[in-house]
Amino acid sequence: MEQIDILIIGAGVVGLAVAKELSAKFEDVVVVEKENSFGRHTSSRNSEVIHSGIYYPQGSLKAKLCVNGAIDLYQFVKQYSIPYKNCGKLIIAEDDEELQVLKELKLNGERNGVNELEIIDEEECKALESQIIAKYALKVPSTGIVDSHKLMRKIEIESEKLGAFIVYDMEVISINYQNGKYIVTFVNGEKYQASSVINCAGLYSDKIAEMVGIDIEREDLKLHFCKGEYYKSSKIKNIDHLVYPVPDPKGIFLGIHLTINLQGEVRFGPNAYYVDTVNYEMNEKYKPEFLKAINNYIKVNDKDIHLDDSGIRAKLQKEDGNFRDFYIKEESEKGFRNFINCIGIESPGLTSCFAIAKEVSKQVKN
Ligand SMILES: Cc1cc2nc3c(=O)[nH]c(=O)nc-3n(C[C@H](O)[C@H](O)[C@H](O)COP(=O)(O)OP(=O)(O)OC[C@H]3O[C@@H](n4cnc5c(N)ncnc54)[C@H](O)[C@@H]3O)c2cc1C
């Protein structure tokens, strides 16, 4: 049986960032991933936005790790010439009632440490984005976009340079804690013995926690899948900023927004609806909902938008539930020393990846 020090489960952006952070400090770091490459799930099915941190409650991990993570992420992409653009974003208000929401967001963002937030009027908004219809907008200059695939590839390379091993086609199927060590069994019958396990399994992170013996129902750590679909448009061009409506009041998602990619192509989405299984297939069922939402801020018709892609959020928040923070915790209290769970790493998980990695590193016990 392979004996290792630290085993990281999952090679999404979080598992890779954790591998990079820990392999700089520890000798023997191995990442296992069930797919045949990195980032096959949520980390390559998202908006690729570097968020600023304005939405999340003050003092939450989401707020702290997003603000710090964005700084680390910008630094990393600059250092290694990963394609990115600090394009900024506009959160738009249609009327005076929504203006109040912008004011609250601005205040919340400032409390979270987000700089240079500014509320602008219709004329200033038109000067920035002539095609966008808005009475007011909150201008968020620190928001950006990044090529998530190239980002993950570079983190993988840097982790390997630091000594991490990344093994693909290795699906964890059981974990037993015996005499202070974790015996991890894979679907191919292999077994590893690890002193520490870091659970970065995204949509399946609650199942991994369950494997070691954590009662996820009792601990309120069961994940709920919330799907989001995207449409793209080849008709709309020459948009410079990301454009968001005011967020959903239930806090489930940020509203169907407009993003641009690094080629300047326009995408709309994601919407949000809870599902029972991980299935990325799409049909046009939600197209009317998209058209209605988009036409509040830019004129499009049925023929201007086409199905693009979908992703699934790993949410701790239930459909009718309240805000839930990232869950990043070393589980000695539950009897599992150096078993660190990262559960509910939904948005802004991409932005926060390096800050999450630092948080995990702080929690590893010697
Ligand atoms: C629609 C959508 C839009 C989003 N937009 C943004 C955005 O614009 N900005 C932002 O900051 N965040 C965004 N996010 C959130 C962000 O994408 C996630 O927080 C982040 O990608 C989570 O990364 P992860 O590594 O935790 O999960 P994943 O990328 O899902 O990685 C988990 C990995 O674990 C592996 N795994 C699972 N089970 C096992 C097992 N038993 N054995 C071995 N391996 C296993 C999986 O195969 C997978 O590769 C968005 C999310 C969604 C769904």
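**Domain interface and ligand site**

In this predicted model, domain 1 and domain 2 bury about 1,200 Å² between them. Of this area, 53% lies on carbon and sulfur atoms. Three residues of domain 1 stand out. R45, L203 and E346 lose the most area to domain 2. Together they account for 56% of what the domain 1 side buries.

Both domains are assembled from separate stretches of the sequence. The domain assignment gives domain 1 as 2-45 + 149-222 + 323-363. Domain 2 is given as 86-143 + 223-315. The contact takes 14 residues from domain 1 and twelve residues from domain 2. The C-alpha centres of the two domains lie 31 Å apart.

The interface also carries polar and charged pairings. Eight residue pairs are in polar contact between domain 1 and domain 2, with both residues of each pair at pLDDT 80 or more. On the side of domain 1 that touches domain 2, the residues divide into five nonpolar, five polar and four charged. Two salt bridges are found across the interface of domain 1 and domain 2. The side chains of K315 and E346 meet in a salt bridge, with an N to O distance of 2.7 Å. By the assigned bounds, K315 falls in domain 2 and E346 in domain 1. E346 is also among the domain 1 residues that lose the most area to domain 2.

The ligand site was examined next. There are 39 residues around the ligand. Of these, E33, S43, V49, I345 and T351 come nearest. Two of these nearest residues place polar side-chain atoms by ligand oxygens. For E33, a polar side-chain atom lies 2.6 Å from an oxygen atom of the ligand. For T351, the distance from a polar side-chain atom to a ligand oxygen atom is 2.7 Å. E48 contributes through its backbone: a polar backbone atom of this residue is 3.5 Å from an oxygen atom of the ligand. Taken alone, the ligand exposes 1,000 Å². The protein buries 97% of that area.

Definitions and conventions. Residues numbered from 1 in each chain as written. Predicted model: local features only at pLDDT ≥ 70, side-chain atom pairs only at ≥ 80, totals over all residues. Heavy atoms only, no water. Domains from an automatic or database assignment. Contact = heavy atoms within 4.5 Å. Buried area = accessible area lost by both parts, 1.4 Å probe. Salt bridge = Lys/Arg side-chain N within 4 Å of Asp/Glu carboxyl O. Polar contact = N/O pair within 3.5 Å; in protein donor to acceptor, adjacent residues only side chain to side chain. Nonpolar A, V, L, I, M, F, W, Y, C, P; charged D, E, K, R; others polar. Near = heavy atom within 4 Å. Areas by Shrake-Rupley, 256 points an atom, 1.4 Å probe, with all protein chains shown as cover.
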